[in-house]
Amino acid sequence: MGVDLHCHSTHSDGSLSPTDLIQLALTNQATMISITDHDTVSAYRDLPSEIGLDLVPGVEFSSAWRNLDIHVVGLNVDPYSVDMISVCTEQAKRRLRRAEKIAKNLFSKKLISSVDAALEGVKKIADGGTIGRPHFAQYLVEIGSCSDTGAAFKLYLSAGKIGDVKDEWPHMAEVVGWIKSLGGVPVLAHPAKYKVSLSKLVSMIEEFKTFGGRSIEVTSGYQNPEKTKLLADLSTRFNLSASCGSDFHSLEKRWSQLGKTQDLPAVCRPVWDEWS
Ligand code: AMP
Ligand code: MN
Ligand code: MN
Ligand code: MN
């Protein structure tokens, strides 16, 4: 299909610069992409002069809903507006406070020998991008506390583990409100990835719509066709448009290839109809 409305650059936890991402998208024959870094739009101030495809400005905000970490993508936002810079600055402060809590938790279990050294280490790995758990995973590998980043997540950073600190995120309703006031389309990111029952997923989508949400990612990365069908049905049931994204982070993760998203089921109303 050549449309990929969810991927990450070095401005958050991706491994390619915005220029390299765009180059790869062109190589993979994508026609429309959105770079949706976690809680930042700084990639949009770091673009090549020639783009060669339709680049939709986007962001992936972290939010909280019923004790879960929920991601809300904002598409077709103005990445240069003062209000956007302001909410991203607030999120960056939250991420820093959260990183301090994560480091303290890891220290309490003797997984790191110094909170300050760990914070310096993750900042160095993030290299100016938003700080997140993947940078902690890499740090734990670098200091020899974990064999690889997968193990670091499994043992210490995934949901419910010591390094999973989520009390910093604003409520989903607030984040949806930011995106709407910034003129963008709020999209519920990767709904099939939350570890919830079907009835809770339905409540999540229902409330997301009540808060002003307009779209859900019907396809995300590699996804079981049954899940895609379920999400397509939910998008039509709640009259929400459908988005599609690879959630590409790096070339090493072969199951998620930039620009190679599954076609949206025919029943879906594509999200890009909302701005084109
Ligand atoms: P954060 O933004 O700090 O909450 O970190 C979330 C990011 O961590 C996600 O966007 C993924 O890139 C990555 N992630 C989450 N869970 C895992 C996992 N189990 N294994 C590897 N990476 C993960
Ligand atoms: Mn990520
Ligand atoms: Mn996400
Ligand atoms: Mn993502």
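**Exercise 1. In this predicted model, identify which residues S12 touches, not counting residues up to four places away in sequence, and decide whether S12 is buried or exposed.**

Step 1. Once residues up to four places away in sequence are set aside, S12 touches D37, H38, T130 and H135.

Step 2. S12 itself lies in the loop between strand 1 and helix 1, and one of its contacts, H38, lies in the loop between strand 2 and strand 3 (54-55).

Step 3. The relative accessibility of S12 is 3%, and because the cut-off for buried is under 20%, S12 counts as buried.

Step 4. For a view of distance along the chain, take S12 and R237, which are 225 residues apart in sequence and 34 Å apart in space, C-alpha to C-alpha.

**Exercise 2. Work out which residues coordinate the manganese ion (ligand 2), and where D13 and H38 are placed in the chain.**

Step 1. The coordinating atoms come from D13 (OD), H38 (NE2) and H249 (NE2), at 2.1 to 2.2 Å from the manganese ion (ligand 2).

Step 2. Written as a sequence spacing, the donor residues of this ion follow D-x24-H-x210-H.

Step 3. D13 and H38, 25 residues apart, link distant parts of the chain, with D13 in the loop between strand 1 (3-4) and helix 1 and H38 in the loop between strand 2 and strand 3 (54-55).

Step 4. Turning to accessibility, D13 and H38 are both buried.

**Exercise 3. Find the protein donors of the manganese ion (ligand 3), and state what distance separates it from the manganese ion (ligand 2).**

Step 1. The protein donors of the manganese ion (ligand 3) are E60 through OE, H71 through ND1 and H190 through NE2, and they lie 2.1 to 2.2 Å from the ion.

Step 2. The spacing of these donor residues in sequence is E-x10-H-x118-H.

Step 3. E60 belongs to strand 4 (residues 58-65) and H71 to strand 5 (residues 68-75), so that a pair 11 residues apart links distant parts of the chain.

Step 4. Both E60 and H71 are buried.

Step 5. The separation between the manganese ion (ligand 3) and the manganese ion (ligand 2) is 5.7 Å.

**Exercise 4. Determine how the axes of helix 4 and helix 5 are arranged, which residues make the contact, and what covers the buried residues of helix 4.**

Step 1. The axes of helix 4 (residues 133-142) and helix 5 (residues 149-157) come within 9 Å and cross at roughly 110°.

Step 2. Because angles of 65 to 115 degrees count as roughly perpendicular, helix 4 is roughly perpendicular to helix 5, and their crossing is right-handed.

Step 3. On the side of helix 4 the contact is made by R133, P134, F136, A137, Q138, L140 and V141, and on the side of helix 5 by T149, A152, F153, Y156 and L157.

Step 4. Sorted by class, the residues of this contact are nine nonpolar, two polar and one charged.

Step 5. The buried residues of helix 4 are R133, H135, F136, A137, Y139 and L140, and their cover includes strand 5, helix 2 (82-108), helix 3 (115-126) and helix 5.

Step 6. After helix 4 comes G144, which has a positive phi, near 85°.

**Exercise 5. Decide whether helix 2 and helix 3 are oblique or roughly perpendicular to each other, and describe their contact.**

Step 1. The axes of helix 2 and helix 3 come within 9 Å, with a crossing angle of roughly 130°.

Step 2. This angle lies outside the range of 65 to 115 degrees for roughly perpendicular and is not over 145, and helix 2 and helix 3 are therefore oblique to each other.

Step 3. The crossing in which helix 2 passes helix 3 is right-handed.

Step 4. From helix 2, the residues L96, A99, E100, A103, K104 and F107 meet V115, L119 and K123 of helix 3, a set that divides into six nonpolar, no polar and three charged residues.

**Exercise 6. State what sign phi has in Q29 and in N239, and where each residue lies.**

Step 1. Most residues other than glycine have a negative phi.

Step 2. Q29, by contrast, has a positive phi, near 65°, and its place is in the loop between helix 1 (18-27) and strand 2 (32-33).

Step 3. With a relative accessibility of 66%, Q29 counts as exposed.

Step 4. N239 also has a positive phi, near 50°, and lies in the loop between helix 8 (225-237) and strand 8 (241-245).

Notes: Residues are numbered from 1 along each chain as its sequence is written. Chains are lettered from A and ligands numbered from 1 in the order in which they are written. This is a predicted model: local features need pLDDT of at least 70, side-chain atom pairs count only at pLDDT 80 or more; totals for chains, interfaces and linings use all residues. Side-chain values use heavy atoms; hydrogens and water are left out. Helices (H or I, at least four residues) and strands (E, at least two) are DSSP runs, numbered from the N terminus. Buried means under 20% relative accessible area, exposed over 50%, partly exposed in between (1.4 Å probe, protein chains only). Axes are lines fitted to C-alpha atoms, for helices over the stretch in contact, and angles run from 0 to 180 degrees between N-to-C directions. Angles under 35 degrees count as roughly parallel, over 145 as roughly antiparallel, 65 to 115 as roughly perpendicular and the rest as oblique. A crossing is left-handed if the near helix is turned anticlockwise from the far one by less than a right angle, and right-handed if clockwise. Contact means heavy atoms within 4.5 Å. Ala, Val, Leu, Ile, Met, Phe, Trp, Tyr, Cys and Pro count as nonpolar, Asp, Glu, Lys and Arg as charged, and the others, Gly among them, as polar. Donors are N, O and S atoms within 2.8 Å of the metal (3.2 Å for Na, K and Ca); water is not among the atoms, so sites may look incomplete.
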